[in-house]
Amino acid sequence: MERLLQYVWKYKLYSEAELTTTEGIPVEVTDPGIPNTDAGPDFFNAKVRIGDKVWAGNVEIHHKSSDWQSHGHQHDPAYDNVILHVAEECDVPVFRTDGEAIPQVIMHIPQRVKENMDWLLSRDTLLPCGERIHEVEEVHLSAWMNALLGERLERKTNDILHLLDMYKDDWNEVFYIVLTRNFGFGTNSDAFEWLAKSLPFQYIRKQRCNALQIEALLFGQAGLLNEEIADPYYNSLQQEYLFLQKKYKLKPVDGFLFKKLRTRPVNFPHLRLAQLAAVWTNHDTLFSKILENNRVETLTTCFNVALPEYWDTHFHFRYPSPLKKKTIGISATNIVMINTVAPVLFAYGRKKNQPSFCNRALQLLEEIPPEHNSLITPFIRAGIPVKNAADTQALIQLRREYCEKKKCLYCRIGFRLIKTAKDIA
């Protein structure tokens, strides 16, 4: 209830005509203040007129005014700058540490706002507001999509900058780790990242002229060369890895971390590792090429690489497959571009204070076709237009950070539906 009261205060969803102090003095809110998510009053730097006086300071909000005492605010100097105490029920007066009384105002939550909020939070569906999204005007929806895309890129940027701190500003190493992680394509992303962190990129680059040795490093370090298999190619990889492991003093990760069950053959970790090895065989300076090129077509060709012939008839060392070229494929390439190239470009622009790289990342996402997955489908069915990867990335952010966490109060779609407060059928 307190969160909803804060929400009503922040967005002025209350009836201004009814806003008076407990002593009957009219209250006019010029600025509700800045929400505070840390310790201390709920809103900083608010500006209100109480009667004929204008006050500037902090605002605290409770369900009952007696919560002020139960929370011990009367003994906490951090609350001495509170100029107004807002509560749905004022049952006691409240005071600063020096005993001075603080003005209080009773704020009621409009009934329709309560009903709309209850309707959103009580519905047990993937997209509670799905049948009402069409009520939100296009201008508001578009602005929210842009903000969501920004949030997602910021989150990925923070992850990349954290890696950059860990690896002493080595962009090539960080790009290698991020790319390797994304070759896990969700199911094996964590395992692929652990692999990359256990195998420094410098060792990959030292073997760049030898495709078999790069494969051996990746497969061996992934713990996928520990079986006895009567396969000449597999045995060659084993021998190469034993040599390289001793040379570089490597300790492999556990092979059981790489999931194969309920995974389509094209996503087997064996095939994805072979494709990743082919990328590094052809482009040991891939990060530089990403920085130098801004055309989607040019960047895509970096991942259009040929695998050794062995993989034309294999998805896995134990299981031969019908003859077919195992290219990375345009769909998988687009996912790599979305989750690796665009975020790294954006992070690079932020770190180097060069907005042109951030703009290139956004342009890249706008030129890549939209993704197709179960996270996005409910929004498409609800009528949200999806034109490109920028839109789908925004919707994934919406689904992960708002819908799944039931944060309708913080979603602009939820806000619009609550604010308009139409009758619920």
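## Helices H5 and H13 and the largest pocket

H5 and H13 cross in a right-handed way, meaning that the near helix is turned clockwise from the far one by less than a right angle. This is a predicted model, where local features need pLDDT of at least 70, side-chain atom pairs count only at pLDDT 80 or more, and totals for chains, interfaces and linings use all residues. Residues are numbered from 1 along each chain as its sequence is written, and side-chain values use heavy atoms, leaving out hydrogens and water.

The axes of H5 (residues 171-182) and H13 (residues 330-352) come within 9 Å and cross at roughly 155°; axes are lines fitted to C-alpha atoms over the stretch in contact, with angles from 0 to 180 degrees between N-to-C directions. The two helices (DSSP runs of H or I, at least four residues, numbered from the N terminus) are therefore roughly antiparallel, the term for angles over 145 degrees. Among the residues in contact (heavy atoms within 4.5 Å) are Trp171 and Phe175 of H5 and Tyr348 and Lys351 of H13.

Now to the largest pocket, which holds about 1300 Å³ of space. Here a pocket is an open set of points on a 1 Å grid where a 1.4 Å probe fits, with protein on both sides within 12 Å along at least five of seven lines; lining residues have an atom within 4 Å of a point. Asn182 and Asn339 are among the lining residues closest to its centre, and H13 gives the most to the lining, with 8 residues.

| Site | Nonpolar | Polar | Charged |
|---|---|---|---|
| H5 with H13 contact | 8 residues | 3 residues | 2 residues |
| Largest pocket lining | 16 residues | 15 residues | 11 residues |

In these classes, Ala, Val, Leu, Ile, Met, Phe, Trp, Tyr, Cys and Pro count as nonpolar, Asp, Glu, Lys and Arg as charged, and the others, Gly among them, as polar.

Note on methods
Angles under 35 degrees count as roughly parallel, over 145 as roughly antiparallel, 65 to 115 as roughly perpendicular and the rest as oblique. Grid points are joined across faces, edges and corners, and a volume is the space filled by probe spheres set on the points.
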